[in-house]
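Let's take a walk through this model, with an eye on its rings, its greasy surface and its cysteines. Have the structure open as you read.

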Amino acid sequence: MAKFILSIDGGGIRGLIPAVILVELERRLAASGRSKPIAHYFDVIAGTSAGGIIAAGLTCPNPDGSGRPACTASDLVALYEQEGHEIFQTDVFARLRRTLLNPGSIFDERYSADPLEKKLKARLGERMLSEALTKVVITAYDITERKAKFLTNGRSSDGKASDDYLFHEVARATSAAPTYFEPALVQNFTLECNETLVDGGVFANDPALCAVLEAKKLGYHDEDLHILSLGTGSNNRAYAYSDACNWGAFGWIDPARGAPIISILMQGQSSTTSYQMQRLYGARYLRLDCELKNASDELDSASTKNLPKLRLEAEKIIAASSAKLDAFIALLPSP
């Protein structure tokens, strides 16, 4: 029996790209008589960072108790297009005051996490990961225990349940990109302890393989898996030797340069995973992504100039892969 996986990459404000693609997915599903929420059509939805926020929005039950998801794809597009500038907003005066009181704080993260936390909590409420509308896996990294975390509602084939968390804390944790936001302190309700987590992009910016492993843990057969993987645009900047050789330790993590070490690690992992998935699953794996030609590849470029360019990149992906997207949609469950 066919099983369907939706995997969504990390990429900061570039999460707008997969969100726009998902709006088109919703539209095409509705046109074919399938108007239920996206979570209804996928057995596993996985996300990292921006993709983790999208995965949470699609699978978290709406706090209003309606049984609908907390967010539609259009809601998530609005989050990036209309509120992204509030999430990636530098309060220069607050930073100056903090620096005067504590000179060491000049090395603080670039952005306050408060606006992001408020927006996530407003949308996801106090719903628990165990309440998800389908199986979900969201990545993060525990910097205390020094191990990867796969935040999920799935049970293993032996019946063991996963640890439980608040959805809004999971979304905050997966998007806690080092140098951009401070780590997230989240409560593990199963173990009754707090965990210090950062962005899952440090090890799985493309979580497709993580999703496949979760599917296998659930007892799904490898030959039944069909994967739709959504990227956030591959990085387009080149780093010249003449520049990089003089960066030093701070230069490699400098957010003003787009945090080169973070950018390189995320892009390297995503491109490697995409190659591996193509080799493993062939025609049962559909990757929708592009090289960013005009839009900025910076994780925090939420300007009114760049956002339309990101949307245009998404529309180009849809146009270039229209037939393949239709073929994948044709496989999804009917009402």
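What follows is a short report on aromatic pairs, a surface patch and the cysteines.

## Aromatic pairs

Keep in mind that this is a predicted model. Searching the whole structure turns up ten aromatic pairs. Take F88 and Y111: their ring centres sit 5.4 Å apart with the planes at 80°, so this one is edge-to-face. The angle settles that label because planes over 60 degrees apart count as edge-to-face.

Where do the two partners sit? F88 is in the loop between helix 3 (73–87) and helix 4 (92–101), while Y111 is in the loop between helix 4 and helix 5 (114–124). The pair therefore ties together parts that are 23 residues apart in sequence. Both F88 and Y111 are buried. They also have company: F88, Y111, Y180 and F181 make up one aromatic cluster.

## A second edge-to-face pair

Now move along the chain to Y239 and W247. Their rings form an edge-to-face pair too, at 5.3 Å centre to centre and with 80° between the planes.

Is each partner buried or partly exposed? Y239 has a relative accessible area of 28%, so it counts as partly exposed. W247 has a relative accessible area of 11% and is buried. The cut-off that matters here is 20%, because buried means a relative accessible area under that value.

## A nonpolar patch on the surface

Over on the surface, F250, W252, I253 and I264 form a nonpolar patch. Together these four residues have about 350 Å² of accessible area.

Which element gives the most to the patch? That would be helix 10 (residues 248–253), with three residues. F250 is found in this helix. With a relative accessibility of 47%, F250 is classed as partly exposed; the label is not "exposed" because that takes over 50%.

## Cysteines without a bond

How many disulfides does a search of the whole structure find? The count is zero. A disulfide is a covalent bond between the sulfur atoms of two cysteines, so it's worth asking how far apart the sulfurs are. For C71, the closest cysteine sulfur belongs to C60, and at 7.9 Å that is too far for a bond. The cut-off behind this is 2.5 Å, because a disulfide needs two cysteine sulfur atoms within that distance.

As for surroundings, C71 is buried, with a relative accessible area of 2%. C210 is buried as well, at 12% relative accessible area.

Key:
Residues numbered from 1 in each chain as written. Predicted model: local features only at pLDDT ≥ 70, side-chain atom pairs only at ≥ 80, totals over all residues. Heavy atoms only, no water. Phe/Tyr/Trp six-rings, centres within 6.5 Å; stacked < 30°, edge-to-face > 60°. Helix = DSSP H or I, 4+ residues; strand = E, 2+ residues; numbered from the N terminus. Buried < 20%, exposed > 50% of the residue type's maximum accessible area, 1.4 Å probe, protein only. Patch = residues over 30% accessible without salt bridge, like charges linked within 9 Å, V, L, I, M, F, W, Y side chains within 5 Å. Areas by Shrake-Rupley, 256 points an atom, 1.4 Å probe, with all protein chains shown as cover. Salt bridge = Lys/Arg side-chain N within 4 Å of Asp/Glu carboxyl O.
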